[in-house]
Amino acid sequence: GTFLQSDWRLFDHINLLIGSRVDKHSLLDKVVVSPRISLLYKLQRNSQLRMSYSTGFRAPQAFDADLHIAFAGGGISRIELADDLIEERSKSLSASYNYDKVLSNYVYGLTVEGFYTRLDNSFFQDPFGSDEYGDVFIKRNGEGATVKGLTIEFRANFYQNIQMESGITLQQSLYDESVSYSDELASRKEFLRTPSKYGYATFNYKPSKRFVFSANLVYTGKMDLIHFGGTSEQKNDEFKTSEVFNALGLKTTYIQKFDR
């Protein structure tokens, strides 16, 4: 792919960015053009408003997170591409407000962003019975889907040796029409494997120029999943809700310089 962009400063407080990405994929017969535009407006010295509109696409393929080579009853669940499968297109609109306060000993800031994404010809997996190897799913194009939500981020720095950042996102992801995930279960509009809440937090402490302590937390909220049957432990297909998942990482760094 190739990306071209132009950046204009219209006034002292307004910046306009216009660009377009041009892609050619082996599974597509035509070149895909994805334009985008972004506007930055500086409200005051410490705050700014940003708005953007962008487009994108996802080429037809099976080798992604949807390809679950899951063993069930001794067989393998496989995904095939529909003959008339075309690319999934997205149109995204976002608006954010950013505020930063800078003082002599500390800095803090807040960002609030709302986003709305429209998916056309969205991909879904249609159960298509089974063969001698196991269950078969056909990846097809649906009518469309909508993903929208709100993100809030906070950041702070104290005396240039303590830094904190955190953020939380509330999101809703729905197909326009109900999608069948299994012949045994009712169709539904909700995306699977997509949490409605997720977030992060980072903490960095630098007591000296040589020593740095870092901690980070990744929060993944509950999400709907499908557990396919076919074994003695799970005889029938069933929708389940995952538990909240938190991943915590700790790191300590020590820097020692040696004279030559």
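**Legends: a nonpolar surface patch and the chain that carries it**

**View 1. The nonpolar surface patch.** Leu103, Tyr106, Tyr108, Leu110, Val112, Leu150, Ile152, Phe154, Ile168 and Leu170 make a nonpolar patch of about 750 Å² on the surface. The model shown here and in the other views is predicted.

**View 2. Strands that supply the patch.** At least two residues of the nonpolar patch come from each of strand S9 (106-120), strand S12 (144-158) and strand S13 (162-179). S9 gives the largest share, with four residues.

**View 3. Phe154 within the patch.** Phe154, one of the patch residues, lies in strand S12. Its relative accessibility is 37%, so Phe154 counts as partly exposed; that class lies between the limits of under 20% for buried and over 50% for exposed.

**View 4. The fold of the chain.** The chain has 19 strands and zero helices. Its radius of gyration is 24 Å, whereas the globule rule gives 18 Å for 260 residues; the chain is therefore more spread out than a compact globule. The C-alpha trace spans about 70 × 45 × 45 Å along its principal axes.

**View 5. Contacts, burial and surface of the chain.** Among contacts in the chain with a separation of 6 or more, 55% are between residues 24 or more positions apart. Buried residues make up 30% of the 260 in the chain. The accessible surface of the chain is about 16,900 Å², and carbon and sulfur atoms account for 54% of that area.

Notes. Residues numbered from 1 in each chain as written. Predicted model: local features only at pLDDT ≥ 70, side-chain atom pairs only at ≥ 80, totals over all residues. Heavy atoms only, no water. Patch = residues over 30% accessible without salt bridge, like charges linked within 9 Å, V, L, I, M, F, W, Y side chains within 5 Å. Areas by Shrake-Rupley, 256 points an atom, 1.4 Å probe, with all protein chains shown as cover. Salt bridge = Lys/Arg side-chain N within 4 Å of Asp/Glu carboxyl O. Buried < 20%, exposed > 50% of the residue type's maximum accessible area, 1.4 Å probe, protein only. Rg over C-alpha atoms; globule rule 2.2 N^0.38 Å. Contact = heavy atoms within 4.5 Å.
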